[in-house]
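Colleague: I should be grateful for a close look at one part of this predicted model, set out for a first-year student. Please explain each term when it first appears.

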Amino acid sequence: APWALITGYGTRDSVGANAHYTLAYLPGFTLHSAGASVGLWDRVELSYARQWFDTRDAGAKLGLGGGYQFHLDVVGAKVRLSGNAIYDQDTWMPQVAAGVQLKTADRHAVLRALGARSASGVDAYVSATKLFLAQSLLLNATMRLTRANQIGILGFGGDRSNAYHPEFEGSVAVLLSRNVAVGAEYRTK
């Protein structure tokens, strides 16, 4: 779930960057995500991510073949609208940002056979992030408008609806020590 923070951990005079790799290995499938983002002057963020969903044995059961993979490219842009998560500790005002993500999936023919109307779509979102330094707590809420099926990996739109729907995403993180944080995320879809 996107936060309202701008990547790079810089100030209004800085340009910074980050890279990530995430692996979710579950009994029936595997999801990988790798990407990079650039933060410009603590105001604008540009990002790219590639996700690949490996169906492993489930692909064979579905007639796609064992280890069948779907891929999703995500190009994003986000702008900080108001607030500052670090410097606004004496107010209840969160940092607020708005963004868009252009998502393009491959496997067009398979996606259409599964009922998707399109292999690409655009998500728009608004995020609010509040950091409570004294309590070592970060809270985030995001409202996303999307037509994505399974975040876009299975295409966009379908036989029941091709309309945009609002979806909620929330995050919480607690800093247990200077080097250890524990967090949770919830997302509707």
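The request concerns one threonine and the strand that holds it. Where is Thr142 found, is Thr142 buried or exposed, and which residues does Thr142 touch?

Modeller: This is a predicted model, in which local features need pLDDT of at least 70 and side-chain atom pairs 80 or more, while totals for chains, interfaces and linings use all residues. Residues are numbered from 1 along each chain as its sequence is written, and side-chain values use heavy atoms, without hydrogens or water.

Confidence is given as pLDDT (the predictor's confidence in each residue, from 0 to 100). The mean pLDDT of the protein is 91, and 100% of its residues reach 70 or more. Among the elements (DSSP runs numbered from the N terminus: helices H or I, at least four residues; strands E, at least two), β5 has the highest mean pLDDT, 97. Helix α1, residues 56-61, has the lowest, 78.

Thr142 belongs to strand β7, which covers residues 137-146. Its relative accessibility is 2%, and therefore Thr142 counts as buried (under 20% relative accessible area; exposed is over 50%, partly exposed in between; 1.4 Å probe, protein chains only). Setting aside residues up to four places away in sequence, Thr142 is in contact (heavy atoms within 4.5 Å) with Pro2, with Tyr125, Val126 and Ser127, and with Glu167, Phe168 and Glu169. With Ser127 there is also a polar contact between the two side chains, at 2.7 Å (N or O atoms within 3.5 Å; within protein, one able to donate a hydrogen and the other to accept it, residues adjacent in sequence counting only if both atoms are side-chain atoms).

Beyond the strand, the chain enters the loop between β7 and β8 (165-175), where Ile151 lies. Ile151 has a relative accessibility of 24% and so counts as partly exposed, whereas Thr142 in the strand is buried. The backbone of Ile151 also deserves attention. Most residues other than glycine have a negative phi. Ile151 is not a glycine, yet its phi is positive, at about 60°.

A second residue of this kind is Arg107, which is not a glycine either and has a positive phi of about 60°. Arg107 sits in the loop between β5 (95-105) and α2 (108-113). With a relative accessible area of 33%, Arg107 is partly exposed.

For a contrast with Thr142, consider Arg50, a residue of strand β3 (residues 44-54). Although Arg50 is also in a strand, it counts as partly exposed because its relative accessibility is 29%. When neighbours within four places in sequence are left aside, Arg50 is in contact with His32, Ser33 and Ala34, and also with His71, Leu72 and Asp73. Ser33 is 17 residues from Arg50 in sequence, but the C-alpha atoms of Arg50 and Ser33 are 5.7 Å apart in space. A polar contact of 3.0 Å links the side chain of Arg50 with that of Asp73.

To return to the request, Thr142 is a buried residue of strand β7, and its side chain makes a polar contact with that of Ser127. Arg50 is a partly exposed residue of strand β3, and its side chain makes a polar contact with that of Asp73.
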